[in-house]
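Colleague: I'd like a close look at one part of this protein rather than a tour of everything. Could you pick one helix and walk me through what surrounds it?

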Amino acid sequence: MRPLIVIGGGPAGYAAALTAARKGRETILVEEAELGGTCLNRGCIPTKALAKSAGVFSLLKGAKEFGIRSSDVGVDWASVMARKKSIVDGLRRGLQGLIKGAGISVVSGRATLQGGGKVEVVDASGKATALEGDAIIVASGSTVKNPFPCAIDEKDILSSTGILELAELPSSLIIVGGGVIGLEFANIFNSLGVKVTVIEALPRLLYGIDEEASTLLMKILKARGVEFRLSAKVSKIEKAKGKVRVSLEGGNGVEEFVADKVLLAVGRAPNVNGLGLDKAGVQVEGGRIKVDAKMRTTAKGVYAAGDVIGNPMLAHAGFLEGEVAARVACGEEASVDWRAIPSCVYTTPEIAQVGLSEEEARKQFDKVIVGKYPLRGNGRALIEDEGGQDGFIKIVADRKYGEVLGVTMVGPFATELIGLGVLAITNELTIDQMADTVQGHPTVCEAIREAALIAVGRPLHFGR
Ligand code: NAI
């Protein structure tokens, strides 16, 4: 049997390679940059490391709230960046160890499909290597979208890659795009004392997330000094005397914003170009590789996983898709169920959602029941603070069968606690089962039960 070839060493690609190799399959992993992909090197991990430092700074500045005196609190940007780098480097070393331990051969270079199971890899020096496999898994990821007539120089006009490598803290920052990336950076830089303006084309932030949650986050960030322009059309982005200027066009004429830096965060596009997909008979639809739930493309023996297949473009979706692609390529029965992939937004407070938002559930189902518990009634949320006073947990269920359809959380530990919602939706639990599950006290987790109790008409720490 010829080997299994994986193209791309990000979450989807390395999960696929580890899965196949651990099944005893000879596996080759082709990567043109670092193992770990965007998530580990330029995405999830470094961003959350910066968010933690920003959170520690905010906590220390607000220590008085907790009855603690603090002085000489400041940001040592170089040390913030060094901590981030050391976490990323450590995890990358760990991943290299896992790959080596599983006996995977790593080939450095850029891969293109040649058809008939053949892949050509060209390394940085231009040397070409021919590979041949029985199965190919394409996990080539995504790149930042830039629909504007300006180049991203990663100095003043930044993408989410360049902003993670800033040599010093800017004093002001304009963020174009009020999605997950835009808001996580707005939260980080606002916490670090940078003047932040967010410009969003739609009339609301975080499209796809429960509207009540996104409205609440905007209110909280606004109160902390972040400026927002919604329903805004960016007409120009240009450099101006060591600064950047962003012009908006709207009903009130042209409005201009000037800042030290601008971050473009208007989405990512699947990497489908220059891979030889045509040659191999792999169909691209709407800018992404078309796959079925078994991760099979339109070409026999070619699979795809991760950002290259389009939404939800999340690392944890990529892990699952990569595992499924490898299992199917190894002859097992497996498929991906995208209903219970959580969305996690690492702002303060955190937002997390799994399944349907309330708006979406109301559209798709005849009748729904909703239980919403405000966290100002939850002891642990108040103790932790972190926006706990304003947050909430909301569960939406189908009225007919009681099946849990969606869980949304805004508050401390939301990105951790959403795991309970994931379990509920994956296993088709009912709202009664959620209500009849006891959680520890005092925890924010209890609020999930409180929301379920409200939904089934048995409120405890709520109402009169
Ligand atoms: P996004 O699609 O989440 O948000 C982009 C935002 O930009 C949207 O709200 C859109 O309406 C807005 N926009 C588009 N064109 C615009 C324009 N011309 N002017 C102003 N606004 C405009 O994309 P984002 O935030 O760049 O993230 C990319 C991907 O990375 C997403 O798939 C996201 O889920 C993923 N990601 C996930 C994270 C997490 O799970 N915590 C963190 C970071 C990224």
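Modeller: What follows is a walk along helix H5 and its partners, with a few other spots for context.

Keep in mind that this is a predicted model. Helix H5 covers residues 180–191, which makes 12 residues. From its first C-alpha to its last it reaches 17 Å, close to the 16 Å expected at 1.5 Å a residue. Just after the helix comes Gly-193, with a positive phi near 95°.

Now, how many of the residues of H5 are buried? The count is 10 of the 12, so the helix is largely enclosed by the rest of the structure. The buried stretch includes Gly-182, Leu-183, Glu-184, Phe-185 and Ala-186. Asn-187, Ile-188, Phe-189, Asn-190 and Ser-191 are buried as well. Two names in there deserve a longer stop, Phe-189 and Glu-184.

Take Phe-189 to start with. Its relative accessibility is 0%, and since buried means under 20%, Phe-189 counts as buried. There are four aromatic pairs in the structure. In one of them, the ring centres of Trp-77 and Phe-189 sit 6.2 Å apart with the planes at 50°, so this pair is tilted. Trp-77 belongs to helix H4 (residues 77–101) and Phe-189 to helix H5, so to speak of the pair is to speak of a link between distant parts of the chain, 112 residues apart. Trp-77 is buried too, at 7% relative accessible area. Phe-185 joins in here: together with Trp-77 and Phe-189 it forms one aromatic cluster.

Next, Glu-184. What does its side chain pair with? Glu-184 makes a salt bridge with Lys-48, and the closest N and O atoms are 2.6 Å apart. Because Glu-184 lies in helix H5 and Lys-48 in helix H3, the bridge ties together parts that are 136 residues apart in sequence. The two ends of this bridge get separate labels. Glu-184 is buried, with 6% relative accessible area, while Lys-48 is partly exposed at 24%. As background, side chains of opposite charge can pair when their charged atoms come close.

Helix H3 is worth following a little further, since Lys-48 sits in it. Helix H3 spans residues 44–61 and also holds Leu-60, and Val-56 is found in H3 as well. Val-56 and Leu-192 are 136 residues apart in sequence, yet their C-alpha atoms are 9.8 Å apart in space. Val-56 is partly exposed, at 36% relative accessibility. Leu-60 is partly exposed too, at 39%. Val-56 and Leu-60 join Val-73 in a nonpolar surface patch of about 190 Å².

For context on the charged pairs, the count for the structure comes to 32 salt bridges. One of them joins the side chains of Glu-34 and Arg-42 at 3.1 Å, N to O. Glu-34 is partly exposed at 31%, and Arg-42 is partly exposed at 26%.

Another links Glu-384 and Arg-380, with 2.8 Å between the closest N and O atoms. These two are four residues apart in helix H10 (residues 379–384), so about one helical turn separates them. Glu-384 is partly exposed, with a relative accessible area of 21%, and Arg-380 is partly exposed at 26%. Elsewhere, salt bridges that share partners join Asp-210, Glu-212, Glu-358, Arg-362, Lys-372 and Lys-394 into one network.

If you want a second helix to set beside H5, look at H1 (residues 11–22). H1 has 12 residues, which should span 16 Å at 1.5 Å a residue, and its end C-alpha atoms are indeed 16 Å apart. H1 is mostly covered, with 11 of its 12 residues buried. Among those buried residues are Pro-11, Gly-13, Tyr-14, Leu-18 and Thr-19.

Lastly, the domain layout. The domain assignment gives domain 1 as 4–144 + 269–339, domain 2 as 157–266 and domain 3 as 349–455. The C-alpha centres of domain 1 and domain 3 lie 30 Å apart.

To come back to your helix: H5 is largely enclosed, Phe-185 and Phe-189 share an aromatic cluster with Trp-77, and Glu-184 forms a salt bridge with Lys-48.

Technical notes: Residues numbered from 1 in each chain as written. Predicted model: local features only at pLDDT ≥ 70, side-chain atom pairs only at ≥ 80, totals over all residues. Heavy atoms only, no water. Patch = residues over 30% accessible without salt bridge, like charges linked within 9 Å, V, L, I, M, F, W, Y side chains within 5 Å. Areas by Shrake-Rupley, 256 points an atom, 1.4 Å probe, with all protein chains shown as cover. Salt bridge = Lys/Arg side-chain N within 4 Å of Asp/Glu carboxyl O. Buried < 20%, exposed > 50% of the residue type's maximum accessible area, 1.4 Å probe, protein only. Domains from an automatic or database assignment. Expected span 1.5 Å × (residues − 1). Phe/Tyr/Trp six-rings, centres within 6.5 Å; stacked < 30°, edge-to-face > 60°.
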